[in-house]
Each structure stands twice: as C-alpha cells, then as structure tokens.
Amino acid sequence: MTERIKLSSPHMSEEGYEQGYVNEAFATNWIAPVGKNIDEFEEDIKRYLNTDYAVALSSGTAAIHLGLKALGVQEGDKVACQTFTFSATANPIHYLKAKPIFIDSELETWNMSPDYLKKAIIENPDIKAVIVVNLYGVSAKLDEIKKICTDNGIKLLEDAAESLGSKYKGKYTGTYGDVGVISFNGNKIITTSGGGMLVTNKRSIAEKVRYWATQSREPVLHYEHKEVGYNYRLSNLLAGVGRGQMKVLSERIKKKEEIFNLYNFKLKKFEAIKFMPTNIEDQPNFWLSCIVLCTHELQQRVIKKLDDNNVETRPLWKPMHKQPVFSDEKYVGSDIAEMLFYKGLCLPSDTKMTIEDQEKVIELIEEVLKDE
C-alpha cells in the first residue's frame, strides 16, 4: 500500500532551522521552560503580529484558560462561545466553572454569527466574555463582533489557533480581541509539537498570565505562593522549534493557498460541491481546504472513497452544543453549524504533499461526483 496522504502533519524546514535552535538549547543546557528560545520566540510573534505582549505556553488550550481567567471570568459567569469549533475552545470555560452559551455560525464565514451573538446578549445581558474563532484560517466578522462586545461592556477572546498569518481587513487575526490565542499543535500551519501563545496589548494581562503559568511563584528565593498556579510554560526546546518554524511561515501560507486553489480550480465545476468562504476583506492562511457537499450521504461516500485509497480526511467540526459533554448548555442559533458538520469535509492540505498526491485526491473525488 502506498504511503497515506495526510490531512496536515508537521513540516520541519528543509534548511534545518529548528534543529539549530534545539541544538543550541542542548549545548547551553537550557532545556527547562525558561531560556533564550522562549524569549526570542515570544519576540518573533510580537513582531509578526505587531502586538505589545506575547506569552509562550504549553498549549493553545492553556492560553484560552488563562486568557479567560485574566479577563475576569469566574465561577458562574456566562461566556458566549462559538459552537462550530474544536472542544479545546470550550473546555476552559468549564475549567473555570463558568457557563457556556453556544452561538451558531453564519454561512458567509462559517464562524460566529453577529446576529445570533446580539440575540444571546439580549437574552443574557450578564454575559462576561465572548470567544470567537477563526476556523480553518478563515476570519470571523471580527470588527462587528468586537463592536458588539465593546458596546455591551463584554471582554473578547479571539481564538486564532488555526489562523496564524490570516488577516482581516489588513490586520492579523489574533489581534482584535482583548486577548488572542495561537496554537502550535502538530497539525497547525507551523508547529512546536505541542504549544501555544497568548497575545495581548495589555501589560497587566500578560504579566498575570506569565505569573499564573509559572505556578504563581512569588519573586523570592524560597517557594512562596499566594495564588493557585499552573504548570503551563512552554519548554525552551520546543520554543526553539517554533523559532525555526517562524522562518518558513510565509512559505507554508503560500503552499496552503496553492493547495486550495488547485482543489478549487479542478472541483468547482461540480454543482454538488461548495468551498469554504473566501471574502474580499479576509486574507486566509488556508490552513485546511474545506468543502461542503450537497448531502450527508455524498459526504460519507467521499470519505469512504478516500479512506479506501489511503487518503486521510474527516468531517468539519461537530458543534459543541451537540457534544454529549455540553448537551445541557444554552444554545442560540438555527442549524448552520449542524449542516456544516453533516455535509462538510476537510481535504488533505499537508504542505509536504506533492502535486501528484493532490491530483490523486482530486481524481478520487471526481470519481464519486461524476454521476451526481
């Protein structure tokens, strides 16, 4: 059997940038969650996004957790959260014993609907914070959602885990909220194996998050703790990988766009298929190329066809309000997110994938669609 065509897997630079920074950490014995690589990785992200502060953490989930905590979310508070997302977006709400209110998507962006967010606020005027997500590298209507939050005195956390390098109206995603969150998980556009980053323009937030993430240790010789802390700092070794990956981020974005454009060019002739939104004000990083089929049955046939031929694919995210763990939580919306899950599909978007690999994927899909 031929090697499996992956959805999106880690891609180290051909130049070996990552290995150089990791070797330096080994040579100087800075392998703990402190050191030059962490400091420089944070600086790289700050310069790239043009933010004032960046805190390297062990995961994007950790960044959401501490970001919500820094925004004042406490037990019993209500947090409006996009329903169409990965569970890591919503889980930290429960870490803090707060209450999620899940918000449906809109077709224009596949992300949080501003209209349903307004409706949720009318029904729940005591909402403390909003978590908006830029799924698959496509931006939500960030300016509209930010204005809604500002007008209602609500804090905004922007989950840009999948959208590093994407822009909305000329400004990088992750920089619209009071707090922005990036993920460097193994499948993201660049990776540190596991890791994340919290970005903000507020010094108080950055300092507090850095303090909590290092077990809330007080700056004294002995171990003194006045608050509960967390072991959430990124390893200096993994930060070295991140420094190397930042050097090829623009190449990865370019390759992801080429992958999307080829899929779109070859498959747009089929009426049974629609591609993820690309809007004039949005400049996606095209992390994953995603489609929606006309029926659930057709989605399942394409999945089986690809899997039978050793090609990895999977449905779009299952909405959080349909997950058993969140089944008792409030939901505001219609059925947009559910439709995307039942009919949608992520196509292989691995930056190591060859043109021949992608042509194989396209041919397999065409075989299924030709009789539709």
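**Exercise 1. Find the partner of Glu-42 and say which parts of the chain the pair ties together.**

Solution. Start with the contact itself: in this predicted model, Glu-42 and Arg-233 make a salt bridge whose closest N and O atoms are 3.0 Å apart. Next, place the two ends. Glu-42 sits in helix α2 (residues 36-49) and Arg-233 in the loop between α7 (203-213) and α8 (236-246), so the bridge ties together parts that are 191 residues apart in sequence. Now check for further partners: Glu-42, Arg-210 and Arg-233 are linked in a network of salt bridges.

Then look at burial, where the cut-off for buried is under 20% relative accessible area. Glu-42 has 7%, so it is buried. Arg-233 comes in at 12%, so it counts as buried too.

**Exercise 2. Take the salt bridge between Asp-44 and Arg-47 and work out whether each residue is buried or exposed.**

Solution. The two side chains meet at 2.6 Å, N to O. Both residues are in helix α2 and are three residues apart, which means about one helical turn separates them. Asp-44 has a relative accessible area of 17%, so it is buried. Arg-47, at 54%, counts as exposed.

**Exercise 3. Where in the chain do Lys-322 and Glu-338 lie?**

Solution. First the contact: Lys-322 forms a salt bridge with Glu-338, with the closest N and O atoms 3.9 Å apart. This pair links distant parts of the chain, 16 residues apart: Lys-322 is in the loop between α10 (296-308) and β13 (330-332), and Glu-338 is in helix α11 (residues 336-343). Lys-322 has a relative accessible area of 41%, so it is partly exposed. For the wider tally, the whole structure has 24 salt bridges.

**Exercise 4. Asp-159 is buried; which side chain of opposite charge is nearest?**

Solution. Locate Asp-159 in strand β5 (residues 155-159). The nearest side chain of opposite charge is Lys-188, 8.0 Å away, and Asp-159 has no salt bridge. A salt bridge needs the side-chain nitrogen within 4 Å of a carboxyl oxygen. What the Asp-159 side chain does reach is the backbone nitrogen of Ala-161, at 3.0 Å.

**Exercise 5. Describe the largest pocket: its volume, its lining and the element that gives the largest share.**

Solution. Begin with the volume, about 520 Å³. The lining has 33 residues, and Phe-86, Asn-185, Asn-187, Lys-188 and Trp-317 lie nearest the centre. Sorted by class, there are 15 nonpolar, 12 polar and six charged residues. Helices α3 (60-70) and α4 (87-95) and strand β8 (179-183) each supply at least two lining residues. The largest share, three residues, is from α3.

Now zoom in on α3. Eight of its 11 residues are buried, including His-65, Leu-66 and Gly-67. At its N-terminal end, Ser-59 acts as a cap, with a side-chain oxygen 3.4 Å from the backbone nitrogen of Thr-61. Just after the helix, Gly-72 takes a positive phi of about 95 degrees.

**Exercise 6. How many cavities of 30 Å³ or more are there, and what lines the largest?**

Solution. The count is one cavity. Its space is about 60 Å³. There are 13 lining residues, with Ser-9, His-11, Lys-188, Ile-189 and Thr-351 closest to the centre. Split by class, the lining has three nonpolar, six polar and four charged residues. To finish, spot the link with Exercise 5: Lys-188 is listed by the centre of the largest pocket and by the centre of the largest cavity.

Key
Residues numbered from 1 in each chain as written. Predicted model: local features only at pLDDT ≥ 70, side-chain atom pairs only at ≥ 80, totals over all residues. Heavy atoms only, no water. 1 Å grid on protein atoms, 1.4 Å probe; cavity = no way out; pocket = protein on both sides within 12 Å on 5 of 7 lines; lining within 4 Å. Points joined across faces, edges and corners; volume = space filled by probe spheres on them. Helix = DSSP H or I, 4+ residues; strand = E, 2+ residues; numbered from the N terminus. Nonpolar A, V, L, I, M, F, W, Y, C, P; charged D, E, K, R; others polar. Buried < 20%, exposed > 50% of the residue type's maximum accessible area, 1.4 Å probe, protein only. Lys, Arg positive; Asp, Glu negative; His and termini not counted. Polar contact = N/O pair within 3.5 Å; in protein donor to acceptor, adjacent residues only side chain to side chain.
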